[in-house]
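Thanks for coming. I will show one model and then go through its contacts.

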Protein chains: 2
Amino acid sequence: MSEQVLTADRILDTAEEVIRRFGPAKATVVDVARALGVSHGSVYRHFASKAALRDAVTRRWLDRLCAPLAAVVADTGPADARLHRWLSTLVAAKHGRALDDPELFATYMTLVMDARAVVDEHVAHLVDQIARIIAEGVGEGVFRVDDVRAAARAVLDATARFHNPAHAAEWSDPSIGRDFEAVWGLLARGLRG
Amino acid sequence: MSEQVLTADRILDTAEEVIRRFGPAKATVVDVARALGVSHGSVYRHFASKAALRDAVTRRWLDRLCAPLAAVVADTGPADARLHRWLSTLVAAKHGRALDDPELFATYMTLVMDARAVVDEHVAHLVDQIARIIAEGVGEGVFRVDDVRAAARAVLDATARFHNPAHAAEWSDPSIGRDFEAVWGLLARGLRG
DNA sequence: GGCCTGACAGATTTCAATATCTGTCAGTCA
DNA sequence: TGACTGACAGATATTGAAATCTGTCAGGCC
């Protein structure tokens, strides 16, 4: 029976739970407040708006989804193999969720779709990681590129079909794995110069 | 006052007009029939269903949009320059429409989004054209690839961000042109081997 | 015969009344 | 004092009855 303090984190946990249960379209701030046993006015003390709350939930989800990627960046081995592993990990994470629990994935896809600012930030973060691997590859003599950051962005763009939720409907195609490897093959040769 | 015969083509023209005016969500078969001055039953003599009619309109639009591409395939000059021109033409056609008349583009985007079979057919056609250019490039010694068709598909996939309507929202980004050239640069080097 | 109409059943959409939600804020309580 | 409540205005969503639409088909017209 301990008195729980109302924190942004506790609200986020509950909001995520409510959004999962009711779906992103139906979940309301009132629902979240009810689940927490407080008035909805209290929620607005911690988040400026419903949009801000949704953004925060989305940001957390994206961060969690991409947590394994940092490890790959810090990994050892030649940069080309590392970049391939990084992209495969990203693609596998997305496809895994999409296949695992399509409804939950659709839920998050909806959130992501209209959280432009959050996604931009997230993409910038991904580009940073790719750029780091490419830069190291240039150092090793594995890659030859003029503009590392542009190349990093190009790699992410070129593989959009395999990780961008906008293409999720195509991920059930049995040839999607081969398609990804074909694009990777072209990119890898392109990076080698 | 000449009696007009009811042909599939005349229905298609009218359907396109009606869809433009009312939007893809509101346009009905009855609207099309009314515009033609016939009963809606007659329309079903030429198209098995509303979906079939929409598909036919979509197919015509895609064909029209991509008409300039055939000329580029048949063009002269080295294959790499030709492929670059082909992709630029495709991208320019899409961006042009999207910028020109966003509402009309959104209309067609909606149609395209739920005409999976039509789009698959269309994509196959585009891959054919790319494959032809790449094959000629291999003949010229400009390109070096194992599987021409797979490479063609990879080129289309890798440039999805720049021509797939699912990404239309990103096309207003001022750096989109540079991003495209960066991806092209990587692909071109990859194709050269 | 072949093209078209008009009426029909069941599915879908519209519309307006009703309920709920978002975001604010003065006031309560500890 | 500072976290919280509850009532409020305007915006948005739900609902169910009525209207419209889709797809079919028997029958009329040339």
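I will take the two DNA strands, then the protein interface, then two individual residues.

Some conventions before that. This is a predicted model, in which local features need pLDDT of at least 70 and side-chain atom pairs count only at pLDDT 80 or more, while totals for chains, interfaces and linings use all residues. Residues are numbered from 1 along each chain as its sequence is written, chains are lettered from A and ligands numbered from 1 in the order in which they are written, and side-chain values use heavy atoms, with hydrogens and water left out.

Start with DNA strand D. How many residues surround DNA strand D? There are 15, and the closest are Ser39(A), Ser42(A), His40(B), Tyr44(B) and Lys50(B). A residue is near a strand here if one of its heavy atoms lies within 4 Å of it. Of the atoms of DNA strand D that come within 4 Å of the protein, 60% belong to sugar and phosphate.

Now the polar contacts, meaning pairs of N or O atoms within 3.5 Å; within protein, one atom must be able to donate a hydrogen and the other to accept it, and residues adjacent in sequence count only if both atoms are side-chain atoms. On the phosphate side, Ser42(A) has a polar side-chain atom 2.5 Å from a phosphate oxygen of DNA strand D. On the base side, a polar side-chain atom of Arg45(A) sits 3.2 Å from a base nitrogen of DNA strand D, and one of His40(B) sits 3.0 Å from a base oxygen of that strand. The elements giving two or more residues to this surface are helix 3 (40-46) of chain A, together with helix 2 (29-36) and helix 3 (40-46) of chain B. Helices are DSSP runs of H or I with at least four residues, numbered from the N terminus. The largest share, 5 residues, comes from helix 3 of chain A.

By class, the surface near DNA strand D has 5 nonpolar, 8 polar and 2 charged residues. Nonpolar covers Ala, Val, Leu, Ile, Met, Phe, Trp, Tyr, Cys and Pro; charged covers Asp, Glu, Lys and Arg; the others, Gly among them, are polar.

Next, DNA strand C. It is surrounded by 15 residues, the closest being Tyr44(A), Lys50(A), Ser39(B), Ser42(B) and Arg45(B). Sugar and phosphate make up 60% of the atoms of DNA strand C within 4 Å of the protein. Two backbone contacts go to phosphate: a backbone N or O atom of Val29(A) is 3.1 Å from a phosphate oxygen of DNA strand C, and one of Val30(A) is 3.3 Å from a phosphate oxygen of DNA strand C. His40(A) places a polar side-chain atom 3.0 Å from a base oxygen of DNA strand C. Helix 3 of chain B gives the most to this surface, with 5 residues.

On to the protein interface. The contact, heavy atoms within 4.5 Å, takes 27 residues from chain A and 27 residues from chain B. The two chains bury about 1,900 Å² between them, 60% of it on carbon and sulfur atoms. Buried area is the accessible area (1.4 Å probe) that two parts lose on being put together, summed over both. In chain A, Asp157(A), Leu186(A) and Arg189(A) lose the most area to chain B, together 29% of what that side buries.

There are 2 salt bridges between the chains, each a side-chain nitrogen of Lys or Arg within 4 Å of a carboxyl oxygen of Asp or Glu. In one, Asp157(A) pairs with Arg161(B), with the closest N and O atoms 2.9 Å apart. Helix 11 (176-192) is among the elements supplying at least two residues of the side of chain A that touches chain B, and helix 11 of chain A gives the most, with 8 residues.

Finally, two residues. Is His122(A) buried or exposed? His122(A) is buried, because its relative accessible area is 9% and buried means under 20%, with exposed over 50% and partly exposed in between (1.4 Å probe, protein chains only). His122(A) lies in helix 8 (residues 116-140) of chain A.

Lys50(B), in helix 4 (residues 50-65) of chain B, counts as partly exposed at 33% relative accessibility. Its side chain reaches the backbone oxygen of Ala27(B) at 3.2 Å.
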